[in-house]
Amino acid sequence: YLLSTKEGFIPWEKARLLFMPVLSTLGTLHTSNVLHRGLNPSSFIFSASGKLKITDFCIESARSDFGAIDGELFDGYTPIEQYTGNYPIGAWTDIYSFCSVLYRALIGSTPIDAKTRVLNDQMMIPAKFAEQLPPYVINAIINGMTISHKDRTDNIEQLRSELSASPRA
């Protein structure tokens with residue numbers, strides 16, 4: 001879908017309408033202790049009714065780089081904890097990936113991968129987009145893509161608040 005647009009990205013108002021319902025679905029899954037662990041642009045599809053849906057759920061060991069089988073990871077969308085096994089995995093893992101996909105939708109390029117950013121955790125939003133996006137959206141993306149899981153947005157309700165500029169954010 002993004003590649004079919006003239007610009008290769010979509011404005012926040014369109015992204016908000018597409019992604020916020022998916023965020024609700026992800027929150028419901030997390031409440032049931034289900035993590036996706038592989039969110040990337042190709043794991044989002046449009047339904048016949050034009051709504052964005054999540055696909056490509058998988059077994060846990062297929063989404064790490066340290067399991068018994070070769071993992072399928074997505075540079076730019078996979079958080080550091082799935083590469084190293086040194087950090088816990090939780091809702092914050094999907095939040096990193098969700099925010100990375102949102103970044104791709106809003107900016108038009110894949111974010112710098114976590115393995116590179118672990119040396120310098122600077123999440124950059126290009127100036128031309130920083131001028132167009134609401135500051136609270138930029139902050140939500142940065143908070144959701146922080147390398148350290150301890151500093152990252154750690155639950156869907158918090159991310160929803162940050163993306164909505166609610167007083168709790």
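Does Asn 33 count as buried or exposed, and at what relative accessibility? In this predicted model, Asn 33 has a relative accessibility of 71% and therefore counts as exposed. The residue sits in the loop that runs between α1 and β1, and its phi is near 60°, a positive value in a residue other than glycine. Most residues other than glycine have a negative phi.

Arg 37 is also placed in the loop between α1 and β1. Its phi, near 70°, is again positive in a residue other than glycine. Arg 37 has a relative accessibility of 14%, and because buried means under 20%, Arg 37 counts as buried.

We can turn next to the interior. The largest nonpolar core holds 44 residues, and the members that touch the most others are Phe 19, Phe 44, Phe 98, Leu 106 and Leu 163. At least two residues of this core come from each of α1, β2 (52–54), α3, α6 (135–144) and α7 (156–164). The most generous contributor is α3, which gives ten residues. In soluble globular proteins, nonpolar side chains tend to be buried together.

Leu 106 offers a handy view of these surroundings. Leaving aside residues up to four places away in sequence, Leu 106 touches Phe 9, Ile 10, Pro 11, Trp 12 and Ala 15, along with Phe 129, Leu 133, Val 137 and Ile 141. Two of these partners, Val 137 and Ile 141, are among the buried residues of α6, which also include Ile 138, Ala 140 and Gly 144. Viewed down the axis of α6, the buried residues fall within an arc of 160°, so they line one face of the helix. An α-helix has 3.6 residues a turn, so residues three or four places apart point the same way. The cover over the buried residues of α6 includes α1, α3, α5 (127–130) and α7.

The last feature is the open space in the model. The largest pocket has a volume of about 260 Å³. Its lining is made up of 14 residues, and those nearest the pocket centre are Tyr 1, Leu 2, Pro 41, Phe 44 and Phe 46. Two or more lining residues come from each of α1 (12–31), β1 (44–46) and α3 (91–107). Sorted by class, the lining of the largest pocket has 13 nonpolar residues and one charged residue, with no polar ones. Phe 44 thus appears in both settings: Phe 44 lies among the residues nearest the pocket centre, and Phe 44 is also one of the core members that touch the most others.

Terms used: Residues numbered from 1 in each chain as written. Predicted model: local features only at pLDDT ≥ 70, side-chain atom pairs only at ≥ 80, totals over all residues. Heavy atoms only, no water. 1 Å grid on protein atoms, 1.4 Å probe; cavity = no way out; pocket = protein on both sides within 12 Å on 5 of 7 lines; lining within 4 Å. Points joined across faces, edges and corners; volume = space filled by probe spheres on them. Helix = DSSP H or I, 4+ residues; strand = E, 2+ residues; numbered from the N terminus. Nonpolar A, V, L, I, M, F, W, Y, C, P; charged D, E, K, R; others polar. Core = buried A, V, L, I, M, F, W, Y, C linked by side-chain atoms within 4.5 Å. Buried < 20%, exposed > 50% of the residue type's maximum accessible area, 1.4 Å probe, protein only. Contact = heavy atoms within 4.5 Å. Arc of directions from axis to C-beta.
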